[in-house]
Amino acid sequence: PDHPFVVAIMSQSVLSWNTMTLLVVAIATTTVITFFAHEIHAPAPGGANIKEINEFESSSRRRQIFTVFTTECSNYQDWQSQTLAYSHQVSQFEGTLVRLMSCDDINYRIPQNSYENYHIVRTPNFNTPYIVYGGDGGDNYSPRNRPNALAYWLNGHASTDKDLLLPGENDIIISIDPDMVFLDNGIHHLESVGNGRGFATRYNLGRDWVTGWAAPFCGGKCEEGSLRDDYDPSYGQPIVLTAGDLLPLAVEWGDVLERMRGVHDGWQTEMYALIIAARALDMQFTVQNMMIANPEDDEEPWDSAHWAADGDSMGKLLSPPEDGGGGSKDSSAVSVLSVAHYCIPLSISSFRWSKHDYHDLDIRDCRASKNPFHLPKLKDKEAISVSRNEPLVSSPSSSVEEIIPRETIIRNRNAWLLDNTWNPARCAIAAYHAEFCNVQNNGIMKETPPTGEVSCGGHVATSCNECPQGNGETWCNGDCEWDVSNNRCLMRREDLSECNKFLLVQSPTGALNENRGTKVNDADVGQLSSEL
């Protein structure tokens, strides 16, 4: 009755009841439409968005860090999420990890989790309305979930568990891809994040597109002559912002993305939309080389990539020292964040690993006879081993004048990336199975004898011994490998010795020994390696 339209209606006695009824129906319809139009941007009933939370924050409150990534519900993204969560835990990365899972399937079974700093938040799948089933048309583009899910969550609309608090307006949000792995345990330059300023990762997107096809989406801020010479519009995930800045950016980002899809239907639309939305809102990103992904891209920070100093096989992206040992570096040279990204296939010798080969990998499948990833052959293992601790740039130091062949550098970089992506991924899955599958002997999973059939490479057999069929080594591939010393085809053995500092082990009671995990002793690692 207090609605202004209702007051106006009731004050006009000359209006007929039919007219009043039509107007009331129109008001109700408008209200419903307005609700759905603003559903993404409004907090849930009884909830609170980040601005409301900020009213209760003390100015002295320490800023919290939330690393957030967006997925749908699928086996493919489950194992990537497990790898990222595992990486977050074993690197002891500061803060909370949040998976925004855009999923309409209320019965979807989420993989188990005991890491208290990892939370899974369900949101609607914002791509579903654009999919046309059983015919042509529509716009099936899952990356639209990222900006919409971020806005939905930050506005307090998503239901979540009681242990996960929404970030305050000044808290730090790291938006990251699920197929990334942490290379250190935190971020730097927190004091530089806020008031419309943040950090982003350099990509090779170029610049001409901003004043070209994307200019109409920029609110008049991308016209020729309007961009400063030092403006860098070639960036993407990870990005680092405050929650207060990310919320309006996510809303604008999602809106720009939908308008762009009419003229740009490529996979990178979401990246372009982020850059244009930031430009339209006058948000500024300092673009840094935070990521390594491509062995052949010399623009990535390979000069900062190093093998671990103690000689173990895990490489790291080491930030340059703040003073360079002689005052040659300042703190601004230190990357805010360091990640490895397994977005493209990696290969060395005849071994190849690509995430796209494992869309059906279900980490909840506890059949121990199933290796999660194809394993390198003996000669491939040797090639990887030879490349470890070798130079990753052509001139490893000023004292070395020898130019290392390009193909050697590429091989060494592939080995480095495999150690920092493929290796953590398989260790993550082994850790998951050790904790949630058939747990015996202080957390080490006991493998059951292989049953059914094995892959010999180009065919299957009831066992590896049956693969050759008189054809020798050439018919012994897939799940099997050739034992040269005994001329036999045997089940390929997973070597998990490099997981000894990462494998999370349960106590006899079933609880993790430490919140951050614990090391496995050499005897247990040897046993696990021989069994797998």
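## A tour by selection

Select strand β6 (residues 197-202) and strand β8 (residues 284-288): the two are paired in the parallel sense, over 5 bridges. This is a predicted model. Now pick out Thr201. Across from Thr201, in β8, stands Gln288.

Keep β6 on screen and add strand β7 (residues 235-242). Here the pairing is antiparallel, with 4 bridges between β6 and β7. Click Ala200 to see one of them: its bridge partner in β7 is Ile239. So β6 has a parallel pairing with β8 and an antiparallel one with β7. While the strands are displayed, look at the side chains. In a regular strand they alternate between the two faces of the sheet.

Zoom out for the whole chain. The count is 12 helices and 20 strands. There are 532 residues, and 49% of them count as buried. Take the contacts between residues at least 6 apart in sequence: 71% of these join residues at least 24 apart.

Next, the helices. Select α4 (residues 75-90) and α11 (residues 422-436). Their axes lie 9 Å apart, and the packing angle is about 95 degrees. That makes the two helices, α4 and α11, roughly perpendicular. Show side chains at the contact. From α4 come Trp79, Gln82, Thr83 and Tyr86. From α11 come Pro424, Ala425, Cys427, Ala428, Ile429, Ala431 and Tyr432. Colour the contact by class: 9 residues are nonpolar, 2 are polar and none is charged.

Now go to Asn125. Look for this residue in the loop that runs between β3 (118-123) and α5 (145-154). Is Asn125 buried or exposed? Its relative accessible area is 13%, under the 20% cut-off, so Asn125 counts as buried. Which side chains does the side chain of Asn125 meet in polar contacts? One is that of Glu72, at 2.8 Å. Another is that of Asn145, at 3.2 Å. Widen the selection to every residue in contact with Asn125, setting aside neighbours within four places in sequence. Glu72 and Asn145 appear again, joined by Ser102, Cys103 and Asp104.

Last stop: the hairpin of β19 and β20. Select strand β19 (residues 480-483) and strand β20 (residues 488-491). They run antiparallel, joined by 4 bridges. Pick Glu481 and look across to β20, where Leu490 stands opposite. Then move to the turn. The hairpin has 4 residues between its strands. Check the backbone at Asn487: its phi is positive, near 50 degrees.

Notes: Residues numbered from 1 in each chain as written. Predicted model: local features only at pLDDT ≥ 70, side-chain atom pairs only at ≥ 80, totals over all residues. Heavy atoms only, no water. Pairing = 2+ DSSP bridges. Buried < 20%, exposed > 50% of the residue type's maximum accessible area, 1.4 Å probe, protein only. Polar contact = N/O pair within 3.5 Å; in protein donor to acceptor, adjacent residues only side chain to side chain. Contact = heavy atoms within 4.5 Å. Axes fitted to C-alpha atoms, helices over the stretch in contact; angles between N-to-C directions. Parallel < 35°, antiparallel > 145°, perpendicular 65-115°, else oblique. Nonpolar A, V, L, I, M, F, W, Y, C, P; charged D, E, K, R; others polar.
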